[in-house]
Amino acid sequence: MAHDPGKHEHADTMGIGKAIAVLTSGGDAQGMNAAVRAVVRVGIYTGAKVFFVHEGYQGLVDGGDNIREATWESVSMMLQLGGTVIGSARCKDFREREGRLKAARNLVKKGITNLCVIGGDGSLTGADTFRAEWSGLLQDLVKTGGITAEEAKNSSHLNIVGMVGSIDNDFCGTDMTIGTDSALHRIMEIVDAITTTAQSHQRTFVLEVMGRHCGYLALVTALASGADWVFIPESPPEDDWEEHLCRRLTETRTRGSRLNIIIVAEGAIDKHGKPITSEDIKTLVVKRLGYDTRVTILGHVQRGGTPSAFDRVLGSRMGVEAVMALLEGTPDTPACVVSLSGNQAIRLPLMECVQVTKDVTTAMNEGRFDEALKLRGRSFQNNWNVYKILAHVHPPTAKSGYNLAVMNVGAPAAGMNAAVRSTVRIGLIHGHRMLAVHDGFEGLAEGKVEEIGWSGVGGWTGRGGSSLGTKRTLPKKYFEEISNTIANFNIHGLIVIGGFEAFTGSLEMIEGRAKFEELCIPICVIPATVSNNIPGSDFSIGADTALNTITSTCDRIKQSAAGTKRRVFIIETMGGFCGYLATMAGLAAGADAAYIYEDPFNIRDLELNVTHLTEKMKTTVKRGLILRNEKCNENYTTEFIYNLYSEEGKGIFDTRKNVLGHMQQGGSPTPFDRNFGTKMGAKAVAWMSGKIKECSRHGRIFANTADSACLLGMRRRALVFQPLSELKQETDFEHRIPRTQWWLKLRPILKILAKYKIELDTSETAHLEHITRKRVSGEGAL
């Protein structure tokens, strides 16, 4: 699917004379609407006609009013709705050739030769069959007089692109399917609520989550909630699991915990394929341990509710990629699935993905569980390994003799505590003595250091903010005191979890190594800040939580604006000079514009935006949403933009402004931030244990090389350690941002979805990859 620059000079004319139909099929998933909205708007932007197919394949077979042309306005206010607005149905008719004949005739009559299917693997397999039979179906229709030879010639081949919408995340080849993140949000809300009641009564809770033959939801829930045990179909427990489970629950209680949480995937089985149900587990715990035990089956709650920010951005990005793949398709390109790998949009052959997905089920049915785990992909295996270490490995009796310190630096960010918890516990499992430093570098200077044990971080995954206490103070002026603390507490390694100051402060510590040999210890920085402005990492802990906070606030504001009509809201977001939050929240909330420092704008741009909104007020969508990053321009302040819009909009629309402020740093961490924090902590400690041994000389630690002070970041697909000194070149220190930022390439999508006629650079669209190669690569993917 290589892009031929000679073919389409302009993306906004690619679709002229073509028609695209979009349908949702199978089980619903949050974020499907975001995908439908993007397909419709980007399709219209390219000049194509776009049709909704209501009620999935059933609507395709029944035709008539089920296939309706979509307009720009018809997908307005869809972004924040869960489920699928155009309906989905299980369809028997489409499984028969007779039904597919009817469907083909309905498409041909409307001149539609491009089909975008959003659904699970069953729905996508159906689409592929349809495509394979297409020419045969048309021949039959011409014979029976269903269509004319002319119509058959005009619709000679059918292009198909799939997007996977499924809360189970059970489709191989995609990192995340649409709806998975939202389902995790629902589950974590419930787990958090249950935790408080379980603690009051010292109860054991058994929670059953969805996911048929896939344990992804159960596994991530277990990691994010710090559960005692998880049962997943891909990796059944050993035969004596009953003993092991009871031992584990008793240990948790004796360590001072007042509750136990056990997560069960609905498809959980033992080594012999016999189902393990939540009731079985309850009976076991009550009989053997006598604990007060309750079962909660989450059921369809997991499919419900508003989509998370991640699912909206995912759906929107996939929608854009799907339209491009359809319009670039030729009779020779196979049906493909658009998907995300790390944060890259990719295209994969549909049937290759379906095949691997089926291989997993076969492997499980035949008892080849290790293979099933491998086929699920890198990220699934990593989750499983971290869970196993945290839940099943005992801290050794023999100590390593090393002391590791952990601290928070900068502003609070949700997920910091999850990272601290996993750092402390994995450190103890490695045999180290763990030290907690309170109040950042200042606390390190003042000797605010204490030993922290296993239960000292109990229940920290779901806590927002920073329990250790955090400050923005930099270490340079305290080198003397810090060196004393390091010597007094005999600290052999330092893990710094925090924002831009964690990065610059650690750089200062390296500079101080020349004068103070106490500072010659390995240092690892884990990025945690809502601004997501740390060089060396595509994401930082806390940004996802802040993004969801902004998005849900924007949803409420949009509802208020929809009620009053003709109203434009200007919302100021945090982020320092980094426009990540404003841009991503703009995509997730459907903003008309997002002003950021990295994408300079002038008075003409502002004027264009005002005119654009004036035009919008003439349509049925009489509201506007403008996001402004706090430091995007020192003269065009929020106040200035508010005044400009108020003056120019007189008699056409009212303007209101909102500064979101510190609510963006608070709140309970999202599943992504809990999981990300947990994995980053685990990875950092593993690196630290190796580094300390490497730098050890006769019982003393001496670390003075560039690679003994690293930042652990997520780059594309992998978690990588990069020397801090190398990241200096990648940093704009004046504005506290990285020199290159991956998310800037999403800005055009934001503008197109807001109906701006701009150039979309399609030279960067994804090429068709193959799944087998992809699965083996990507060391340490999330």
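**Strand 10 and what surrounds it**

V161 has C336 as its bridge partner in strand 10. That pair is our way in. The model is predicted, with local features requiring pLDDT of at least 70 and side-chain atom pairs pLDDT 80 or more, while totals for chains, interfaces and linings use all residues. Residues count from 1 along each chain as its sequence is written, and side-chain values use heavy atoms, without hydrogens and water.

Strand 10 covers residues 336–341. Helices (H or I, at least four residues) and strands (E, at least two) are DSSP runs, numbered from the N terminus. Strand 5 (residues 159–164) pairs with strand 10 in the parallel sense, over 3 bridges. Pairing takes at least two DSSP bridges between two strands. Strand 11 (residues 344–349) is another partner: it runs antiparallel to strand 10, and 6 bridges join them. Here L340 stands opposite A345 of strand 11. Strands 10 and 11 make a hairpin, with 2 residues between them. G342 sits in that turn, with a positive phi of about 65°.

Why is strand 10 largely enclosed by the rest of the structure? Because 6 of its 6 residues are buried (under 20% relative accessible area, 1.4 Å probe, protein chains only). The cover reaches both faces. C336, V338 and L340 are buried on one side. V337, S339 and S341 are buried on the other. In a regular strand, side chains alternate between the two faces of the sheet.

G342 also leads to a cavity. It is among the residues nearest the centre of the largest cavity, along with M176, F310, F539 and F672. A cavity is a set of points on a 1 Å grid over the protein atoms alone where a 1.4 Å probe fits but cannot get out; lining residues have an atom within 4 Å of a point. The whole structure holds 5 cavities of 30 Å³ or more. The largest has about 560 Å³ of space, and 33 residues line it. Seven helices each supply at least two lining residues, namely helix 6 (180–201), helix 7 (216–225), helix 10 (309–328), helix 13 (378–392), helix 18 (543–564), helix 19 (580–589) and helix 22 (671–694).

Take helix 19. How many of its 10 residues are buried? The count is 10 of 10, and the helix is mostly covered. The buried residues run from Y580 and L581 through to A588 and A589. Their cover includes helix 10, helix 18 and helix 24 (747–753). Strand 18 (567–573), strand 19 (593–595) and strand 20 (623–629) also contribute to that cover. Just past the helix, G590 takes a positive phi of about 70°.

Now turn to a separate topic: an open sheet of 4 strands. Their order is 7-8-6-9, with parallel pairing. Strand 7 (229–231) and strand 9 (293–297) stand at the edges with a single partner each, so one side of each has no neighbour in the sheet. Strand 6 (residues 204–209) pairs with strand 9 in the parallel sense over 5 bridges. Within that pairing, T204 has T293 as its bridge partner.

Last comes D12, in the segment before strand 1 (19–24). Beyond its neighbours within four places in sequence, D12 is in contact (heavy atoms within 4.5 Å) with Y45, T46, G47, K757 and E759. The C-alpha atoms of D12 and G464 are 44 Å apart, with 452 residues separating them along the chain.

Conventions:
1 Å grid on protein atoms, 1.4 Å probe; cavity = no way out; pocket = protein on both sides within 12 Å on 5 of 7 lines; lining within 4 Å. Points joined across faces, edges and corners; volume = space filled by probe spheres on them. Buried < 20%, exposed > 50% of the residue type's maximum accessible area, 1.4 Å probe, protein only.
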